[in-house]
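Here's a quick briefing on the fold you're about to look at. Keep the viewer open and follow along by residue number.

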Amino acid sequence: MSSDFRAILVLSCFALILSKPRLLRRAQLNGVSKGGEHPLWSRAGFKPRSRIHLTKFSFVTAILMVHKLRSNDFQDVVRLYPRASLWIKAYCALRFMICPFGRLEAVVPKSGRIVSVGDGYGLFANLLAIRSPLQQVIGCDIDAARMKIACSSIGDRTNISFFVSDEVPILPPCDAITMIDLLHHVPPSSGIEVLKETRRKLRPGGYLIIKDVDTLTRGKYLWKYAHDWLATRGAPCYYLGKTELCHLLQRLGFTVLAEPLKTHTPYAHVLYRRTKNEAVVQDREISSTPTNELAA
Ligand SMILES: C[S@@+](CC[C@H](N)C(=O)[O-])C[C@H]1O[C@@H](n2cnc3c(N)ncnc32)[C@H](O)[C@@H]1O
């Protein structure tokens, strides 16, 4: 079973159990919780709204997320993987339910060479290449098995290719670079090197498009933390809040616009983009960065 799929399944079960009104009522009758909150939530310091939010996420979200599978984006991409296993298809479905790929695709330029770093099974690169035939899309990922499956989706199309990259990928010169849910999986020192490589390879006036998660909403942050912990079997993740990542990008010479992407999912998506009209500080000195710079 795909690890992300398993993570969501386990978390959803927890969410349903914790938000079940009857359990809450029983806890109150037993005098465990006097304030009307589930004892676990109050002990963890959550506000009374938490249970309502959780219930909303558990039911409304489930319906809306499943509804997304009927979207053209998902249908058009998933049919490129006819020979993929059921679990890979389930993973694709899950990614499309969680991540607003359509909204991200809309901000990528419609022509030129686009590189998608940390592209996984090639879902976002494929969406770009399908929607904009004038783009030359290149996807890369550190995971060779994922890239093999991505390559199998190419067929006879000529505007898309994939390659396996190192922890700090060597990128071709390009007009736009996208990183969808990549940075929190990369150790800080390598993450900074990846961003420096991005800056070197983006043509003047090129676009940088990053989608990551914010750390500010505690419930969503915990959900994402638990999701990644289960999906990566406890591998470390390195989350940066919106402000910290903006600062880091500024220090590296990018002026970015950070835009929270509201969805009906328990994920605090943020889109960071350097648009064409904003200048890159080309001559800015980027010092060699200590590992703990991200925490600064
Ligand atoms: C959460 S997945 C996102 C995949 C894809 N962007 C998507 O939206 O479906 C993160 C991906 O980043 C890849 N990754 C992690 N570290 C990387 C690195 N240093 N360079 C390239 N890819 C990396 C992982 O192999 C994984 O496929």
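Before we start, one cut-off: a residue counts as buried if 20 or more other C-beta atoms lie within 10 Å of its own, with C-beta atoms placed from the backbone. By that yardstick strand E7 (residues 269-274) is mostly covered, with 5 of its 6 residues buried. Bear in mind that this is a predicted model.

**The sheet as a whole**

- Seven strands form an open sheet with mixed pairing, and the order reads E3-E2-E1-E4-E5-E7-E6.
- E3 and E6 sit at the edges with a single partner strand each, so one side of each has no neighbour in the sheet.
- On average, neighbouring strands here are turned by 15 degrees against each other, ignoring direction.
- As a reminder, strands of a sheet pair through backbone hydrogen bonds, in either a parallel or an antiparallel way.

**The parallel side: E1, E2 and E3**

- Strand E1 (residues 112-117) pairs with E2 in the parallel sense, over 6 bridges.
- Within that pairing, Val117 has Cys140 of E2 as its bridge partner.
- Helix H10 (residues 188-201) packs on the sheet, where it touches E1, strand E4 (174-180) and E5.
- The direction of H10 makes about 150 degrees with that of E5.
- Strand E2 (residues 135-141) also pairs with strand E3 (residues 160-164), again parallel, this time over 5 bridges.
- To find the register there, look for Gly139, which stands opposite Phe162 in E3.
- E2, helix H9 (residues 144-152) and E3 together make a β-α-β unit, and its handedness is right-handed.

**The antiparallel side: E5, E7 and E6**

- E7 runs antiparallel to strand E5 (residues 202-213), and 6 bridges join the two.
- E7 also pairs with strand E6 (residues 257-260), in the antiparallel sense, over 4 bridges.
- Val270 of E7 is a handy landmark: Asp212 stands opposite Val270, and Pro260 has Val270 as its bridge partner too.

**Helix H6**

- Why does a span of 18 Å agree with what helix H6 (residues 86-98) should show? At 1.5 Å a residue its 13 residues should span 18 Å, and the end C-alpha atoms are indeed 18 Å apart.
- Which residues of H6 are buried? They are Tyr91, Cys92, Arg95, Phe96, Met97 and Ile98.
- When you look at that list, remember that an α-helix has 3.6 residues a turn, so residues three or four places apart point the same way.

Note on methods. Residues are numbered from 1 along each chain as its sequence is written. This is a predicted model: local features need pLDDT of at least 70, side-chain atom pairs count only at pLDDT 80 or more; totals for chains, interfaces and linings use all residues. The expected span of a helix is 1.5 Å times one less than its number of residues. A residue is buried if 20 or more other C-beta atoms lie within 10 Å of its own, exposed if 12 or fewer, and partly exposed in between; C-beta atoms are placed from the backbone. Two strands pair if DSSP finds at least two bridges between them. A crossover is right-handed if, with the strands pointing away from the viewer, the path from the first strand over the helix to the second runs clockwise. Axes are lines fitted to C-alpha atoms, for helices over the stretch in contact, and angles run from 0 to 180 degrees between N-to-C directions. Two residues are in contact if their C-beta atoms, placed from the backbone, lie within 7 Å.
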